[in-house]
Amino acid sequence: MSRLIVVSNRTPGRGPAAGGLAVALRKTLAARDGFWFGWSGKLSDTPSEEAHFDDIDGLTIAQIDLTREDHHAYYAGFSNSILWPSFHLRLDLATIEGHWYEGYRAVNRQFARALLPLLQPDDIIWVHDYHLIPLANELRNLGARNRIGFYLHIPFPTTDALYAIPHHNELMRDLSRYDVVGMQANRDVTAFTEFADHQSPSSLSGNPLRSVDFTRTETAAFPIGSDPDAFARLAVTPAATKMVKRVERSLRDQKLILGVDRLDYSKGLPQRIEAYEKLLANDTRFRRAVHMMQVAPPSRDTIKEYQETSDTLDAICGRVMGRFSEPDWQPLTYVKRAYGQPSLAGLYRLARVGLVTPLRDGMNLVAHEFVASQDPANPGVLILSRFAGAAEIFPEAIQVNPFDTDETAEALRMALDMPLDERIARWTALMEASRRHSVDNWAASFLARLSPDTSGGVGVNRDMLYLASTA
Ligand code: ADQ
């Protein structure tokens, strides 16, 4: 079997792996004798020319260091202040500084130069996420002929949002240098196809026309999931039960509404708290009868828009606490700290309602983890944004428009009042879907498309697409 080389911005660290994705890819790598390549997390005065190898709990990793300037332009700049907001349709939060593209490109070139000497001719290479869109092109320019696949962990943007991204034509050309491009959901494949279809030669720009040939690139949805059976087991371990007991004591008979997210403006956190506020305002029987917990550790907090989201959330939580708290009852617990997976599994299991209401998201793995952690005899209810990719595979969740806080408040009421038989019926279907879309199945299906012996035939093959090139 060919070796597999996984490439992502960061490589996994020591200790228990944080998520199902890292566990699944570790397992896949162990079976295929490859390694994981990425940034070491270290900043140096000069960029590393060569990767240094390390062994992390049996996983071989190869890492390079980046310079501070390149890293800033590549990571906080182009990746997270341009690509992330644009792909999540938040152009209002994007900072369009075109010069960051140079650093983004330079880091991708550095990745390619350090990776190329490590490759054998029949290695297959699996590149992850928006930080590394140009990597296949950079590798091919250096002569790599390997099969290279790309997986996008975030949604693909609408055509207009894509046009707002500096150098979007080059990025699309970069995508066409992959053999397989995997998206989160069908919605994303449709958006990609739309973009491709609306590109037509135009002389208006005055730029030379160049066709982008996608005939050798398969594009398809590979909906990522979790390891639901592992999560179900985790939710009844002593570590998870310790968290259940601890929170149960303070909840007494109140039903728990739970949100678990990275603190990110895409997750719809202010709208979610506002919906909860409306529930308490509209229906007094829920006061003292429910409690909401939002776990949201800060992420990317050097970026202004993330600090502002954090401040907004602080203010809204404070408002709801001030408005409804009694000397002996608080409506809300807001925790700005990450919990390990066992504690999260315990919280999920205890929750009567899992509130997953991003304004736009890839699949969203919290939705999967919540479902997997439920007690089959007394399961909680998933309220899910229709704008999370997981909405395509979880029709039995209560689906909401997260921008409409009245609708989310009504969904909360419905979930809290839902009889046991309906909760069981909905959960059974959700758990089946979660098992069908497990992270192991996801990795296997992507690699089946990428492997040389099984490739060809499916996905969206565009015959010849024309882009007005700025090159
Ligand atoms: P994220 O935006 O990070 O992922 P999500 O998929 O919900 O969002 O979570 C990923 C992992 O982070 C999960 O395993 C979850 O347990 C963990 N996590 C989230 N909040 C946490 C918290 N408060 N404390 C501790 N752990 C927490 C991106 C995309 C998603 C896509 C995934 C995978 O945004 O849409 O599904 O990648 O492709």
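Contact, as the word is used on this tour, means heavy atoms within 4.5 Å. The model in the viewer is a predicted one, and the stops below go from its sheet to a buried helix and then out to a loop.

**The sheet and the helix across it**

Begin by selecting residues 269–282, which form helix α10, together with the strands that this helix lies across, namely β10 (255–260), β11 (290–295), β12 and β13 (353–356). If you look along β11, you will find that α10 runs at about 175° to this strand.

Now widen the selection to the whole sheet, which is open, has six strands with parallel pairing, and follows the order β12-β11-β10-β13-β14-β15. Its edge strands, each of which pairs on one side only, are β12 (332–335) and β15 (398–400). From one strand to the next, the twist averages 20°.

At the β15 edge, select β14 (residues 381–385) as well, since β14 and β15 pair in the parallel sense over three bridges. Here Leu384 can be seen opposite Gln399 of β15.

**Helix α13 and what encloses it**

Next select residues 365–372, helix α13. Seven of the eight residues of this helix are buried, so α13 is largely enclosed by the rest of the structure. The buried residues are Val366, Ala367, His368, Glu369, Phe370, Val371 and Ala372. To see what covers them, display the surrounding elements, which include α8 (228–234), β10, α12 (341–350), β13, β14 and α15.

Keep α13 on screen and add α15 (residues 420–436), which packs with α13 at an angle of about 120°, the two axes being 9 Å apart. That angle makes α13 oblique to α15, and the crossing of the two helices is left-handed. For the contact itself, show the side chains of His368, Val371 and Ala372 on α13, and those of Trp427, Leu430, Met431 and Ser434 on α15. Coloured by residue class, the residues of this contact divide into five nonpolar, two polar and no charged.

**Out to a loop: Gly98**

Finally, move to Gly98, which sits in the loop between α2 (68–87) and α3 (100–115). Is Gly98 buried, partly exposed or exposed? Its relative accessibility is 32%, and Gly98 therefore counts as partly exposed. Leaving aside residues up to four places away in sequence, Gly98 touches Pro166 and His167, so add these two residues to the selection before leaving the loop. As a last check of distance, pick the C-alpha atoms of Gly98 and Ala185, which are 87 residues apart along the chain and are separated by 29 Å.

Notes. Residues numbered from 1 in each chain as written. Predicted model: local features only at pLDDT ≥ 70, side-chain atom pairs only at ≥ 80, totals over all residues. Heavy atoms only, no water. Axes fitted to C-alpha atoms, helices over the stretch in contact; angles between N-to-C directions. Helix = DSSP H or I, 4+ residues; strand = E, 2+ residues; numbered from the N terminus. Parallel < 35°, antiparallel > 145°, perpendicular 65-115°, else oblique. Left-handed = near helix turned anticlockwise from the far one by under 90°. Nonpolar A, V, L, I, M, F, W, Y, C, P; charged D, E, K, R; others polar. Pairing = 2+ DSSP bridges. Buried < 20%, exposed > 50% of the residue type's maximum accessible area, 1.4 Å probe, protein only.
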